[in-house]
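Please walk through the structure shown below with attention to what surrounds individual residues and how the interior is assembled.

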Amino acid sequence: MADITAEDLAPVLTVAVGGVDLPDGGELGQTRLEDIGFDSLAILELLDAIKQKWAVVLSADAVDGSTRIAELAGLTNAELRQANAG
Amino acid sequence: MRARALVTGMGVVAPTGIGTERHWAATVTGQTAISENPDYVAAGYRSTLGGAVAGFEPQSCLPPRLVTQTDRWTQFGLAATTEALEDATLDLSRFPAYEVGVITGSSSGGNEFGQREIQRLWNSGLGGVSAYQSIAWFYAATTGQISINFGAKGPSSVLVSEQAAGLDALGQARRALRAGNRVVVSGGVEAPLSPFAHACQQAAGLLSSARDPHACYRPFDAAAAGYVPGEGGAMFVVEREDSWLGRGGAQAHGEILGYAATFDPPTRSGKQPGLARAIELALADAGTQPRQVDVVFADAMGVAELDAAEASAIAKIFGPRGVAVTAPKSMTGRLYAGGSALDVATALLSMRSGIIPPTAGTAEVPAAYQLDLVMGAARQARIDVALVLARGYGGFNSVLVLGNRERKG
């Protein structure tokens, strides 16, 4: 399975808050969650949406408003590799 | 000298219309907005009628983020507040944020959102429950979202006293102005028509089981047999007079002259209910005599025993047929915290136009009530002072005295 990218996360981000304006192209990965309006509750919703889509559980301690979307993709991929390895 | 509290803006979301003018246009005609709810019929509920806000599309007036995170009740509050601020031509960003408060009334919080999440809990377990449930259901959610979205950081709260809460919120708003705040966004809205909320209301035994929308909720009628629930309400900009004058003093719908609240004694105590006392206290607070009141917007439960008690209180204060009484909520249903707030909006609109809207559905008022109830058609009248009554289930009594800015004397 190919690594999840920031673009793959875009629809999940939208579901979590019901609609969000995302930057295009290369800027997407560097965008911080707080820059697109994600507060603590929205992050919880996002983690649940990631779990629903990829069966991956990310710790709420590992993700906060300063987390960039590319980092979020990285965390998700790490969990996927670990799950596949196990 | 105590600060004067003016109502400089208002917004309405009601079964009679979305927007103040639509609501008023329907109300003066006596046209009912109560209809059958097919879900209630399909579920076999005893009470199948309700006053629903038709055509409300939150996505057309709120950002997607807020639509996802809020209950229909809060969406009503945000929409009505938007209209109220535009009506007041008030840009809150120009005010010191800590001098603008938000005080709302609520009876049941986020019913629809909560029901949905309970269903998800049972169907999908803990993981299926939205994180937004934590902020969408509780009684202060509408206050909070208004505060956040309009940048109001002043004293903010919620009053929870069922139908009386809308008046209690406005009374508290006036206190906040007298304590030094310049503006308070206040009022009440409610969205109690979800199946779970309706089931709770049925359990109280006060809902009408009639099937005719034109004769299901008959306040003060000899055949009164319950009320019909409804959704919606009204929000207001309540502003200190000096603040309003400071920004040009253009429009003011009216003034909050007086407010009072009492609580009923236990049922078997032998003591009188507290509504008459609340009226006396509110009039005293307003420095107004009963003869100066031009119209009373009644609580109008539509339950014979409670109608009789209210009629008795009105007759005690104003004398037999001593004041015009009306209950336009007969066209919308009882909106709980939104209902008393909507009555305030309708009373202010009555002042503006010199028209008392009719009570719909009522055909025959018992002579023993000694009530001059406006029925059948609207009545023209100069209105300088209006009284709004509200009783909340469980014993709340609240009264608000409103004054026309153009009133004589």
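Which residues does Thr8(B) touch, not counting residues up to four places away in sequence? In this predicted model, Thr8(B) touches Asp87(B), Ala88(B), Val237(B), Glu239(B), Trp244(B), Arg247(B), Gln251(B), Ala252(B) and His253(B), where contact means heavy atoms within 4.5 Å.

Two sentences on conventions are needed here. Local features need pLDDT of at least 70, side-chain atom pairs count only at pLDDT 80 or more, and totals for chains, interfaces and linings use all residues. Residues are numbered from 1 along each chain as its sequence is written, chains are lettered from A and ligands numbered from 1 in the order in which they are written, and side-chain values use heavy atoms, with hydrogens and water left out.

Thr8(B) belongs to strand E1 (residues 5-14) of chain B; strands (E, at least two residues) and helices (H or I, at least four) are DSSP runs numbered from the N terminus. Thr8(B) counts as buried because its relative accessibility is 0%, buried being under 20% relative accessible area, exposed over 50% and partly exposed in between, with a 1.4 Å probe and protein chains only. The side chains of Thr8(B) and Glu239(B) are joined by a polar contact of 3.0 Å, that is, a pair of N or O atoms within 3.5 Å, of which, within protein, one must be able to donate a hydrogen and the other to accept it, residues adjacent in sequence counting only if both atoms are side-chain atoms. Between Thr8(B) and Arg240(B) there are 9.4 Å in space, C-alpha to C-alpha, although they are 232 residues apart in sequence.

The largest nonpolar core (a set of buried Ala, Val, Leu, Ile, Met, Phe, Trp, Tyr and Cys residues joined through side-chain atoms within 4.5 Å) has 41 residues, of which Ile279(B), Val296(B), Phe318(B) and Leu387(B) touch the most other members. Helix H11 (275-286) and strand E15 (385-392) of chain B are among the elements that give two or more residues to this core, and H11(B) gives the most, with seven. Apart from this core lies another, of 40 residues, including Val7(B) and Val388(B).

In chain A, helix H1 (residues 6-17) has buried residues that include Leu9(A), Val12(A) and Leu13(A). What covers the buried residues of H1(A) includes helix H3 (40-54) of chain A and helix H3 (64-69) of chain B. H1(A) is followed by Gly18(A), whose phi is positive, near 85 degrees.
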